[in-house]
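Dear colleague,

I am passing on the structure we spoke about, with some notes on what turned up when I went through it. Please look at it alongside the text below.

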Amino acid sequence: MMRERGAVIGPSLPPMSPGTVPVHVRMAHLTGTVDIAVLGENRLSAVVPTQRDVTLHSRVVAGEEDALGEVYQAFGGLVLAMANRVIGDRDAARDVAQEVFVQFWQRPLAYDPARGPLRSWLAMVAHRRAVDWVRREERRRRLPITAFEPLEHPPPDETVETADVHCRVRRSVQTLPETLRAAVELAFYRGLTYREIAVELGIPEGTAKSRMRSALQRLARSLADEGIGR
Amino acid sequence: MPDGYENSLVTAWSHARCDPDEVSALAGHAAACPACRDEAAARQMLVELSVDRPEWEDGSASAASLGSLLDAARARRRPAPAVPPFASPFAAAAGMVDAVLAEADSTALARPSPVLDWSVGDLVAHLAAGNAQLAAVLPVGSMLPVTSVLPVEAVVSPDADLVTVTRAVLAATADLPSDAVHRLWRAGVDAIAAALLAEPDLADQVVEVDGHRTTVAAHIIVRAFETWIHARDIAAAAGITLPAPTGETVGPMARVAARVLDGRPAPITPGRTGTVRLNLTGPGGGSMLVGVGAPAAVAPRSADLTADLTADIVGFCLLVAGRAAPADLELAVTGDAGLVRELLALAPTISGP
């Protein structure tokens, strides 16, 4: 009859002999186990992984979707807060936060519990991605306006009224919130598809579509107020 | 600095655990190193956010956003296949292979593996071959996925042992890119999973695969074991550490290994007999009796127990797989040490390629 025993975490450790690698260190490397008791024996003891980190990570590596959900429930708020601190735009921060977890699912072995808690790792990734987002936006804003302008002079057969409408549309586009303006400019002045916009902005395709919808609604209202499009 | 990893000095600084000389050194370094400066800023922000604040517990992990996350996640990496509980180690091991292959580039896949003359990339075809042998005796539908590249006779012929079938798959896929072989392997995993999910009662059916006759449940654990071990081999070639499987995954593997070992003849001193109580520690662990020279009695007398061997469960499995030697493991032995040496010598002999 097999007798099940409870889990044992962290064997008792022999004193280290100079010039040797203790067998428990060799064994941890061999088996892929994380000895939390050993990791705790340094001044970073507040920043060691928890047993939950270790188990959740193993389950995500094994392709368990429930484990990803648990990671998201545990750390989604922190990751969103980190992204929002950097970006200052809730919608963009949500997109960045989701991408952090999607990337963790896609490449779970990029995280190694032996090097620190999952919470810290996710937060660092969120910070890095949020900074990348901000830098991309800054680069886009520095691009000359002519990159997004249609022809400066309307074609000869275009009427004055049509040219005027174009000018008013361009003005309205410039008044849109940053995230919506970027999507509109990529669609109408660079001719990108939703998918291409999503790739360019580093957002999910669904988000690209919803931003376009919001932008067009605002533009329609703005232009209707000016008597255009009625 | 690898993405997301901590500079230990920056981490210590962010937790106010540096002495003044270390702070001064870090400040001087950060002035010239944008990566460390960014990291210090991030660490400081994380410490500030570490005090629980209700403003970011705002339901961001709502059911709606979780659903959106899972949809996006599935598009990037498929989850482990759905299987009945007895096959969950097989599904988990398949997930590990997917995770490892996401990290292994062509250089890593070309490195030699511990198996015959195969590269670690060849191990994916090898796993596909072994799965095909099991799938051939299951009701997987009209076509085994592997028969898209080679005839079914190559899998089911009486002469088709695992090495032969592997070589046939390797030859048939030689001109395919590695991700195509990955997809072929995964299609075979999915076919087995679907067959088992449709008929969970298959678990108790006794079938012969590659000359081994046992239940489907035991065969699937053997497949899980092999899949996990080769996932480790690929990970090692890619320079990454595959985390230890959970107790739910490694426990059944260890128990099947102990059952296969039970009763095998002593390899060092022929004719030697005795019973070892194998105590496996760690998640999924437990105690089981392993007979050397004769099967262990179901209810042994105390005199029959001639030795106790205590080992970490993952370490024991690696010993069986030939990926660890006894000297690499923390073993505790009481009683007949000679009998334990017999068992330790037997362990790696039950694993094939």
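Which residues of helix 14 of chain B are buried? In this predicted model, they are B:Gly338, B:Leu339, B:Val340, B:Glu342, B:Leu343, B:Leu344 and B:Leu346. Because seven of the 10 residues of this helix, which spans residues 337–346, are buried, the helix is largely enclosed by the rest of the structure. The surroundings can be listed element by element: the buried residues of helix 14 pack against helix 12 (247–261), strand 3 (274–281), strand 4 (286–292), strand 5 (305–312), helix 13 (313–320) and strand 6 (332–335), which also belong to chain B. At the start of helix 14 of chain B, the backbone nitrogen of B:Gly338 has a side-chain oxygen of B:Asp336 within 3.0 Å.

The nonpolar cores come next. In soluble globular proteins, nonpolar side chains tend to be buried together. The largest nonpolar core here has 100 residues, and B:Trp228 and B:Leu242 are the members that touch the most others. Helix 11 of chain B, residues 216–237, gives the most to this core, with 11 residues. If neighbours within four places in sequence are set aside, B:Trp228 is in contact with B:Ala93, B:Met96, B:Leu242, B:Pro245, B:Met253, B:Val314, B:Cys317 and B:Leu318. There is also a second, separate core of 40 residues, and among its members are A:Leu80, A:Met82, A:Leu118 and A:Ala123.

You may also want to look at the largest pocket, which holds about 900 Å³ of space. It is lined by 36 residues, of which B:His212, B:Val222, B:Ile350, B:Ser351 and B:Gly352 are the closest to its centre. Two or more lining residues come from each of helix 7 (122–135), helix 9 (162–172), strand 2 (212–215), helix 11 and helix 12 of chain B. Helix 11 of chain B, which gives the most to the largest core, also provides the largest share of this lining, with nine residues.

As for chain A, it has 10 helices and one strand, and the strand precedes the helices when the elements are read from the N terminus. Of its 230 residues, 43% count as buried, while its accessible surface comes to about 12100 Å², with 53% of that belonging to carbon and sulfur atoms. Among the contacts in chain A with a separation of 6 or more, 60% are between residues 24 or more positions apart.

With best wishes

Notes
Residues are numbered from 1 along each chain as its sequence is written. Chains are lettered from A and ligands numbered from 1 in the order in which they are written. This is a predicted model: local features need pLDDT of at least 70, side-chain atom pairs count only at pLDDT 80 or more; totals for chains, interfaces and linings use all residues. Side-chain values use heavy atoms; hydrogens and water are left out. A nonpolar core is a set of buried Ala, Val, Leu, Ile, Met, Phe, Trp, Tyr and Cys residues joined through side-chain atoms within 4.5 Å. Buried means under 20% relative accessible area, exposed over 50%, partly exposed in between (1.4 Å probe, protein chains only). Helices (H or I, at least four residues) and strands (E, at least two) are DSSP runs, numbered from the N terminus. Contact means heavy atoms within 4.5 Å. Accessible areas come from the Shrake-Rupley method with a 1.4 Å probe; for residues, only the protein chains shown count as cover. A polar contact is a pair of N or O atoms within 3.5 Å; within protein, one must be able to donate a hydrogen and the other to accept it, and residues adjacent in sequence count only if both atoms are side-chain atoms. On a 1 Å grid over the protein atoms alone, a cavity is a set of points where a 1.4 Å probe fits but cannot get out, and a pocket is an open set with protein on both sides within 12 Å along at least five of seven lines; lining residues have an atom within 4 Å of a point. Grid points are joined across faces, edges and corners, and a volume is the space filled by probe spheres set on the points.
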